[in-house]
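Please walk me through this protein chain, beginning with its overall layout and then turning to its helices, its strands and the contacts among its side chains. I am new to this structure and would welcome a careful explanation.

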Amino acid sequence: MLGEKKLEKPPDFKPPKAMGMGKWLTYLRNVGSLSPVPKDLKFGEFPDGVRVLGGTYAIDGDEVLFSHMDEVPGATPEIAAVLKAAGA
C-alpha cells in the first residue's frame with residue numbers, strides 16, 4: 001500500500017525535457033498566482049506552499065490535530081500516528 005515503505009533516499013527525478021520557454025513562463029505565472037505570499041517574504045525566498053509537495057492533516061473543526069508536510073513524494077507519516085492524533 002502507498003506510504004507503507006519508507007524512502008531510503010529521494011527518488012531520482014529528471015527535469016522535463018519538453019518544456020519550452022512558453023510552458024516555463026506559464027508554470028511560473030501559475031505558481032505566483034496560486035501560492036499564498038506572506039507580507040514579510042524577501043526577494044529570492046519561496047513561500048512554503050511552493051516547496052511542499054503534499055501532506056497529511058487531521059482537522060477537528062478549527063483545530064489542526066495533526067500536520068505533516070511531505071519532504072519527497074511518498075514520504076508519508078505513520079498511519080498509527082495520524083489515527084492517534086485524531087483520537088481514533
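Helices here are DSSP runs of H or I with at least four residues, strands are runs of E with at least two, and both are numbered from the N terminus. With that in hand, the first helix can be read closely: Trp 24 and Tyr 27 both lie in helix H1, three residues apart, which is about one turn of the helix.

Before going further, it should be said that this is a predicted model, so that its confidence values deserve attention, pLDDT being the predictor's confidence in each residue, from 0 to 100. The protein chain has a mean pLDDT of 79, with 81% of its residues reaching 70 or more. Confidence is lowest in helix H2 (residues 48-51), where the mean is 64, and highest in helix H3 (residues 79-86), where the mean is 92.

As for the overall layout, the protein chain contains three helices and two strands, and from the N terminus on these elements follow the order α-α-β-β-α. Of the 88 residues in the protein chain, 9% are buried.

Helix H1 spans residues 21-34 and includes Tyr 27. A search of the whole structure finds one aromatic pair, and the partners are Trp 24 and Tyr 27, arranged edge-to-face with 5.9 Å from centre to centre and 90° between the planes. How buried or exposed are these two residues? Trp 24 has a relative accessibility of 36% and therefore counts as partly exposed, and Tyr 27, at 41%, likewise counts as partly exposed, because that class covers the values between under 20%, which is buried, and over 50%, which is exposed. Both residues also belong to a nonpolar patch on the surface, which Met 21, Trp 24, Leu 25, Tyr 27 and Leu 28 form with about 550 Å² of accessible area together.

The two strands come next. Strand S1 (residues 55-60) and strand S2 (residues 63-69) run antiparallel and are joined by six bridges. Within this pairing, Tyr 57 has Ser 67 in S2 as its bridge partner, while Gly 55 stands opposite Met 69 in S2. The hairpin of S1 and S2 has two residues between the strands, and Gly 61 takes a positive phi near 65° there. In a regular strand the side chains alternate between the two faces of the sheet.

Met 69, which is found in strand S2, offers a last stop on this path. Its relative accessible area is 47%, so Met 69 is partly exposed. Where does Met 69 stand in relation to Leu 53? The two residues are 16 residues apart in sequence, and in space Met 69 and Leu 53 are 7.4 Å apart, C-alpha to C-alpha.

Note on methods: Residues numbered from 1 in each chain as written. Predicted model: local features only at pLDDT ≥ 70, side-chain atom pairs only at ≥ 80, totals over all residues. Heavy atoms only, no water. Pairing = 2+ DSSP bridges. Patch = residues over 30% accessible without salt bridge, like charges linked within 9 Å, V, L, I, M, F, W, Y side chains within 5 Å. Areas by Shrake-Rupley, 256 points an atom, 1.4 Å probe, with all protein chains shown as cover. Salt bridge = Lys/Arg side-chain N within 4 Å of Asp/Glu carboxyl O. Phe/Tyr/Trp six-rings, centres within 6.5 Å; stacked < 30°, edge-to-face > 60°. Buried < 20%, exposed > 50% of the residue type's maximum accessible area, 1.4 Å probe, protein only.
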